[in-house]
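Subject: A structure for you to look at

Hi there,

Here is the structure I promised to pass on. Please open it alongside this email, and then read on for what turned up.

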Amino acid sequence: MSGLNERMRMVIANATREEDRYKTLEEQTGIARRRWMDFMKGRQRATDDMIEGVCRNWRKCALWIVTGEGQMPEISKDDDTYYVVSTPVNAVTLSRDKDGLAVTNVPHVINMREPYSPASFEWGYHGTGPTELAANVLFHFGLSEQDAREFAIDFSQEVISNLTRREDVLPAGEIKEWISIRLPAIRKAKHSKQG
């Protein structure tokens with residue numbers, strides 16, 4: 001049985017094209033391509049952020065990567081099984097891969113269910129997955145982690161739950177407007193209830 005580093009290399013080799021492997025890895029994980037090159041050539045061991053990036057992007061392989069139990073799940077360069085993790089500039093994009101799993105350009109940084117596994121991102125209704133997405137969108141657009149957690153339910157109810165379930169685009173302007181106009185009003189209302 002190979003070690004974690006070797007299993008990660010196997011997944012990456014099977015899931016990415018050699019000609020644009022390091023560019024793809026950098027775009028999908030936010031980790032510099034030079035570090036990925038060093039890792040793939042055996043010059044460095046996987047770091048926590050690398051392990052998390054690969055497991056998040058190719059999650060059907062995550063358990064095998066970490067434990068080595070069983071056989072590597074089938075994965076190919078033609079599978080659309082990775083999350084696009086890049087900085088939203090003009091909009092948050094939401095779509096689904098061929099298995100119906102969420103594909104978005106919002107990094108999954110905040111786990112609202114700690115210490116348990118994070119919920120998958122969801123939208124188009126209000127619940128655990130949409131609240132998880134809401135917290136991460138707010139965090140990514142400048143709120144502190146504490147504020148993103150605190151106001152995730154409000155943002156989910158007012159914005160995320162109204163998105164189209166199959167795919168949608170949430171313009172940055174709408175997010176910033178909610179943060180600048182609705183957030184102060186919600187804060188004030190919560191403060192009034194406490195006082």
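Let's begin with helix 1, which covers residues 4–15. Its 12 residues, at 1.5 Å a residue, should span 16 Å, and the end C-alpha atoms are indeed 16 Å apart. The expected span here is 1.5 Å times one less than the number of residues. Helices and strands are DSSP runs numbered from the N terminus, with H or I and at least four residues for a helix, and E and at least two residues for a strand.

Before going further, a word on the source: this is a predicted model, in which local features need pLDDT of at least 70 and side-chain atom pairs count only at pLDDT 80 or more, while totals for chains, interfaces and linings use all residues. Residues are numbered from 1 along each chain as its sequence is written, and side-chain values use heavy atoms, with hydrogens and water left out.

Back to helix 1: its buried residues are Asn 5, Arg 7, Met 8, Arg 9, Val 11, Ile 12 and Ala 15. Buried means under 20% relative accessible area, exposed means over 50%, and partly exposed is in between, using a 1.4 Å probe and protein chains only. Among the elements that cover these residues are helix 2 (21–29), helix 3 (33–40), helix 4 (48–57) and helix 5 (62–67).

The whole chain

The protein chain has eight helices and three strands. Read from the N terminus, the order is α-α-α-α-α-β-β-α-α-β-α. The C-alpha trace spans about 60 × 30 × 30 Å along its principal axes. Of the 195 residues, 44% are buried. Contact means heavy atoms within 4.5 Å; among contacts between residues at least 6 apart in sequence, 55% join residues at least 24 apart.

Helix 6 and its surroundings

Helix 6 (residues 128–140) also agrees with its expected span: 18 Å for 13 residues at 1.5 Å each, with the end C-alpha atoms 18 Å apart. Of those 13 residues, 10 are buried, so the helix is mostly covered. The buried ones include Gly 129, Pro 130, Thr 131 and Glu 132, and strand 1 (91–96), helix 7 and helix 8 are among the elements that cover them. After helix 6 comes Gly 142, with a positive phi near 105 degrees.

Which residues does Ser 156 touch, leaving aside its neighbours within four places in sequence? They are His 126, Pro 130, Thr 131, Ala 134 and Ser 161. Ser 156 itself belongs to helix 7, and its relative accessibility of 0% makes it buried.

Helix 7 against helix 8

Helix 7 (residues 145–158) packs on helix 8 (residues 172–194) at an angle of about 105 degrees, and their axes are 11 Å apart. The axes are lines fitted to C-alpha atoms, for helices over the stretch in contact, and angles run from 0 to 180 degrees between N-to-C directions. The two helices are therefore roughly perpendicular, the word for angles of 65 to 115 degrees (under 35 is roughly parallel, over 145 roughly antiparallel, and the rest oblique). On the helix 7 side the contact includes Asp 147, Phe 151 and Phe 155, and on the helix 8 side it includes Trp 178, Arg 182 and Ile 186. By class, this contact has six nonpolar, no polar and seven charged residues. Nonpolar covers Ala, Val, Leu, Ile, Met, Phe, Trp, Tyr, Cys and Pro; charged covers Asp, Glu, Lys and Arg; the others, Gly among them, are polar.

Cysteines, a cis bond and some loops

A disulfide is a pair of cysteine sulfur atoms within 2.5 Å, and the count by this rule is zero. For Cys 55, the nearest cysteine sulfur is that of Cys 61, 8.8 Å away. Cys 55 is buried at 13% relative accessible area, and Cys 61 is buried at 0%.

The peptide bond from Glu 114 to Pro 115 is cis, with omega near 10 degrees; Pro 115 sits in the loop between strand 2 (102–104) and helix 6.

Two other loop residues are worth finding on screen. Asp 20, between helix 1 and helix 2, is partly exposed at 31%, and its C-alpha is 29 Å from that of Ile 110, 90 residues apart in sequence. Glu 69, between helix 5 and strand 1, is exposed at 59%; its C-alpha and that of Ser 144 are separated by 38 Å, with their positions 75 residues apart along the chain.

Best wishes
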